[in-house]
Amino acid sequence: MKPFRYVRPGSLEEATAVLAGNAGDACVIAGGQSLLLGMKDRRERPSVLVSLQDVPETRGICYADDGTLTLGAATTYWTLHTHDLPKGAHAILPEIAGDIADVPVRRMGTVGGALCQAEPAFDFPLAAVLGDAELELASSRGTRRLAAADFLHGPRKTDLAPDEVLARIHFPASAPTVRSGFVKHRLRRFDSAIASAGCLIDVDAAGRVVAANVACGAVCPVPTRLTAVEEALVGRGVEEDLAAMARSRASDGLPDELANPMIMAGYKRDVLPVLVYRVVAAATNGRD
């Protein structure tokens, strides 16, 4: 491993100043679950590690008056999993966090780290795209916000500039009537996903779907919204077989095996309709 200098700034301003002063040769570390492995394998070779351990602006879970949920990027999966969030779309976040790897990883791994690593098999990028999250990026030049779907460009490729810190993740307010489902296909309990799917469905008092978000992870290079499924669900009544309808449309719009650069692309495409069936069934059955 290349020798490096470890810095523990006490604020976001100090952290961004260190990044700006090291001309792209510094790297932010939060939980270090992926970064340290990359350094060990010499895929990552920073000269300076900038820790978020003492940066309060990147930690914690809170709600704004308008119902927006904000997660500090250095919030661990364990903190999110054990946090009591109200019913609605946000309730899927502790569920997803609690299904990641094993307890040691959940105690160290962070939601922002998963987004910055941008591994297709990671679960939190799927949660962010599914929930229409917006990411807040800070640097000595100021802050900017962009949608999670625009931040993720492909495996280990993001819109994060070398002098920026992913500071916070904002999820829009959610109605308490939103129901959710999440399922992950993997070989062992602690493995990453071979393929995964998530679903958020809002149903009105008459039992009709008024909004639907459905997305898959690990199937394409980035988490992908299944818009054909979403369009098929909206306006339907929950008494219909929505899960079967969703299954039939799950692969619509996805690249075929030859056009998809993911390993086992054909297998993932074959598995996806079953996962979509299960998440839509879980959501429409009102697992709340």
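**Two pockets and their linings**

User: Which element gives the largest share of the lining of the largest pocket?
Analyst: This is a predicted model, in which local features need pLDDT of at least 70 and side-chain atom pairs count only at pLDDT 80 or more, while totals for chains, interfaces and linings use all residues. Residues are numbered from 1 along each chain as its sequence is written, and side-chain values use heavy atoms, leaving out hydrogens and water. The largest share of this lining amounts to five residues, and the element that provides them is α6 (helices are DSSP runs of H or I with at least four residues, strands runs of E with at least two).

User: How much space lies in the largest pocket?
Analyst: A pocket is an open set of points on a 1 Å grid where a 1.4 Å probe fits, with protein on both sides within 12 Å along at least five of seven lines, and lining residues have an atom within 4 Å of a point. The space in the largest pocket is about 1,100 Å³.

User: Which residues lie closest to the centre of the largest pocket?
Analyst: Elements giving two or more residues to its lining include β2 (26-29), α2 (35-40), α6 (111-117) and β10 (165-171). Among the 48 lining residues, those closest to the centre are S34, L35, G113, C116 and Q117.

User: Which residues lie nearest the centre of the second largest pocket?
Analyst: The second largest pocket holds about 230 Å³ of space. Elements giving two or more residues to its lining are α4 (92-97), α7, β12 (195-203) and β13 (209-217). Of the 19 residues that line this pocket, those nearest its centre are A89, G131, S174, L200 and N213.

Notes:
Grid points are joined across faces, edges and corners, and a volume is the space filled by probe spheres set on the points.
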